[in-house]
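Work through the exercises below with the sequence and the coordinates open. Each one gives a task and then a solution in steps.

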Amino acid sequence: MREPEGIFGRRGRTRTLVAIVLAGALVGMGTAANAGWHAWRDPHVFRTNDFGQAGMWGKISADKPMNVGMSYARGKPVTITVDSAYPRVLVNSAEASITVSVCTIDRSWDVGLIGSVYGDPSKWCSKVVDPDGARLRIRKEGFNDQLVVTIRPTRPGIVMVWGVDVTYGYGHRHGTQHVGENVRFVVRAPSG
């Protein structure tokens with residue numbers, strides 16, 4: 001006497017196994033297609049901070065604005081259109097005004113990019129504009145347009161900014177990228 005083959009029988013088990021393998025293959029193909037679509041659609045034109053906690057640290061005075069460059073070129077020269085740019089503010093006990101702008105570097109300063117500088121950004125930039133809708137030229141060498149965070153403290157305290165989230169378009173590509181340095185400043189009272 002033969003024992004029963006179970007609910008599905010021998011053919012049922014083979015069909016179930018084939019269905020599982022086909023479903024797994026479809027999920028794998030869908031995941032690969034999604035990754036390919038994302039790589040094709042996401043522009044990723046800025047160099048990112050690959051150093052973890054690296055960035056700018058120091059002491060600044062409450063009576064002077066500090067400007068920190070946040071965007072650096074990656075790859076070939078491009079021109080993008082910025083939709084929006086927002087700083088990731090972690091701490092702001094100095095009650096600082098923290099803004100993002102697009103700076104066209106003033107060629108008379110003989111610098112290609114701003115690292116960090118005191119004062120009004122118009123001192124180093126021939127043009128300073130709101131990032132929303134701005135066009136940003138990025139080149140690997142020479143003079144660039146640059147996203148700059150300006151920190152204007154109103155009192156002593158601490159300001160910590162973890163880069164900028166910038167949403168932008170480049171040709172058919174459109175995406176959001178986190179760019180820039182990690183910034184931590186201890187704001188001291190104005191001297192004098």
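The exercises cover confidence, fold, cores, the disulfide and a few single residues of this predicted model.

**Exercise 1. Confidence**

Task: Find which element has the lowest mean pLDDT and which has the highest.

Solution. Start with the whole protein: the average pLDDT is 78, and 72% of the residues score at least 70. Next, go to the elements. Helix H1 (residues 9-41) is lowest, at a mean of 60, and strand S3 (residues 78-92) is highest, at 93. Finally, look at residues 33-40, where pLDDT stays under 50. For this stretch the model has three contacts beyond four places in sequence.

**Exercise 2. Fold**

Task: State how many helices and strands the protein has, and in what order the elements run.

Solution. The count is one helix and ten strands. Read from the N terminus, the order is α-β-β-β-β-β-β-β-β-β-β. For the range of the contacts, take those with a separation of 6 or more: residues 24 or more positions apart account for 82% of them. As for burial, 37% of the 192 residues count as buried.

**Exercise 3. The nonpolar cores**

Task: Identify which residues touch the most other members of the largest nonpolar core, and which strand gives the most to this core.

Solution. The largest nonpolar core has 32 residues, and Phe46, Ile80 and Leu147 touch the most other members. Strands that each supply at least two residues of this core include S1 (55-61), S2 (66-69), S7 (135-138) and S8 (145-152). S9 gives the most, with five residues. A second, separate core has seven residues, among them Cys103, Ile105, Ile114 and Val148. As background, nonpolar side chains tend to be buried together in soluble globular proteins.

Now take Phe46 by itself. Phe46 lies in the loop between H1 and S1. Its relative accessibility is 0%, so Phe46 counts as buried, the limit being under 20%. Tyr72 is 26 residues from Phe46 along the chain, yet their C-alpha atoms are separated by 5.8 Å.

**Exercise 4. The disulfide**

Task: Determine how many disulfides the model has, which cysteines take part and where they lie.

Solution. With a cut-off of 2.5 Å between cysteine sulfur atoms, the count is one disulfide. Cys103 and Cys125 form the disulfide, with their sulfur atoms 1.9 Å apart. Cys103 is in strand S4 and Cys125 is in strand S6 (residues 125-129). The two are 22 residues apart, and the pair links distant parts of the chain. The angle about the S-S bond is -105 degrees, and the link is left-handed. Both Cys103 and Cys125 are buried.

**Exercise 5. A polar residue in strand S8**

Task: Is Gln146 buried or exposed, and which residues is Gln146 in contact with, leaving aside neighbours within four places in sequence?

Solution. Gln146 is in strand S8. Its relative accessible area is 0%, so Gln146 is buried. Leaving aside neighbours within four places in sequence, the contacts of Gln146 include Gly69, Met70, Ser71 and Tyr72. Ser101, Val102, Cys103 and Ile105 are also among the contacts of Gln146, as are Leu113, Ile114 and Leu136.

**Exercise 6. Backbone and aromatic checks**

Task: Find the phi of Glu95, and the ring whose face Lys64 lies over.

Solution. Begin with the general rule: most residues other than glycine have a negative phi. Glu95 is not a glycine, but has a positive phi of about 45 degrees. Glu95 is found in the loop between S3 and S4, and is partly exposed, with a relative accessible area of 49%.

Turn to the rings. With ring centres required to lie within 6.5 Å, the count is zero aromatic pairs. Lys64 lies over the face of Tyr118, at 5.3 Å from the ring centre.

**Exercise 7. Two glycines**

Task: Place Gly58 and Gly119, and list what each touches beyond four places in sequence.

Solution. Gly58 lies in strand S1 and counts as partly exposed, at 27% relative accessibility. Beyond four places in sequence, Gly58 is in contact with Arg184, Phe185 and Val186. Gly58 and Val183 are 125 residues apart in sequence and 8.7 Å apart in space, C-alpha to C-alpha.

Gly119 is in the loop between strand S5 (116-118) and S6. Not counting residues up to four places away, Gly119 touches Pro65, Asn67 and Trp124. The C-alpha atoms of Gly119 and Lys64 are separated by 5.9 Å, with these positions 55 residues apart along the chain.

Technical notes. Residues numbered from 1 in each chain as written. Predicted model: local features only at pLDDT ≥ 70, side-chain atom pairs only at ≥ 80, totals over all residues. Heavy atoms only, no water. pLDDT = per-residue confidence, 0-100. Contact = heavy atoms within 4.5 Å. Core = buried A, V, L, I, M, F, W, Y, C linked by side-chain atoms within 4.5 Å. Buried < 20%, exposed > 50% of the residue type's maximum accessible area, 1.4 Å probe, protein only. Phe/Tyr/Trp six-rings, centres within 6.5 Å; stacked < 30°, edge-to-face > 60°. Lys NZ or Arg CZ within 6 Å of the ring centre and 35° of its normal.
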